[in-house]
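Trainee: Could we go through the reasoning behind some of the labels we use for a structure? I'd like to see how each one is earned.

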Amino acid sequence: MAKFATVEDYITSLPESQRQIAGKLLPLIEQVLPGVGAVWQGHPVWSLGSAPGKSPICYLKAYSAYVTFGLWRGQEITDPSGRLEPGARVMADVKLRALSDIDTDLFIAWLHLARDLGEPTGD
């Protein structure tokens with residue numbers, strides 16, 4: 001597994017079609033979770049905690065035919081679109097094969113909901 005120092009290093013390493021998908025997602029993620037992205041376990045993860053993987057919110061992971069955009073607590077999000085697929089534990093994700101698979105408003109809404117789930121309640 002290749003090691004990447006930054007989210008940008010990871011995205012730059014991707015094939016063109018995946019780089020375009022990740023490049024379209026990155027500003028959406030940064031709009032809701034600015035400055036908290038890091039490479040953790042080999043791929044980009046955005047977390048609210050002080051270290052990568054501490055209170056993770058979302059991630060990107062490239063595979064040979066698609067890019068996965070995942071939400072750590074995605075199964076707790078109401079998703080009227082039905083696009084989020086359940087994963088391990090309470091995670092959910094969507095597989096992106098083309099730029100047209102990204103609905104900007106939907107993804108930003110998911111990110112806001114996921115961030116709100118991950119924020120400390122102050123209790």
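Trainee: Leaving aside its neighbours within four places in sequence, which residues is Asp93 in contact with?

Mentor: Keep in mind that this is a predicted model. Asp93 is in contact with Tyr59, Thr68, Phe69, Gly70, Arg83, Leu84 and Glu85. Its own place is in strand β6, residues 92-96.

Trainee: Why does Asp93 count as buried?

Mentor: Buried means under 20% relative accessible area. Asp93 has 13% relative accessibility, so it counts as buried.

Trainee: What makes the span of helix α3 agree with its number of residues?

Mentor: Helix α3 has 15 residues, 104-118, which at 1.5 Å a residue should span 21 Å. The end C-alpha atoms of α3 are 21 Å apart, so the two agree.

Trainee: And what caps the N-terminal end of α3?

Mentor: Asp103 does, with a side-chain oxygen 3.2 Å from the backbone nitrogen of Asp105. A polar contact needs N or O atoms within 3.5 Å.

Trainee: Which residues of α3 are buried, and what covers them?

Mentor: Among them are Leu106, Trp110 and Ala114. The cover includes α2, β3, β4 and β6.

Trainee: Why are α2 and α3 called oblique to each other?

Mentor: They pack at an angle of about 40°, with their axes 9 Å apart. Angles under 35 degrees count as roughly parallel, and 65 to 115 as roughly perpendicular. The angle of about 40° falls in neither range, and α2 and α3 are therefore oblique. The contact is made by residues including Leu25, Leu28 and Ile29 of α2 and Phe107, Ile108 and Leu111 of α3.

Conventions:
Residues numbered from 1 in each chain as written. Predicted model: local features only at pLDDT ≥ 70, side-chain atom pairs only at ≥ 80, totals over all residues. Heavy atoms only, no water. Helix = DSSP H or I, 4+ residues; strand = E, 2+ residues; numbered from the N terminus. Buried < 20%, exposed > 50% of the residue type's maximum accessible area, 1.4 Å probe, protein only. Contact = heavy atoms within 4.5 Å. Expected span 1.5 Å × (residues − 1). Polar contact = N/O pair within 3.5 Å; in protein donor to acceptor, adjacent residues only side chain to side chain. Axes fitted to C-alpha atoms, helices over the stretch in contact; angles between N-to-C directions. Parallel < 35°, antiparallel > 145°, perpendicular 65-115°, else oblique.
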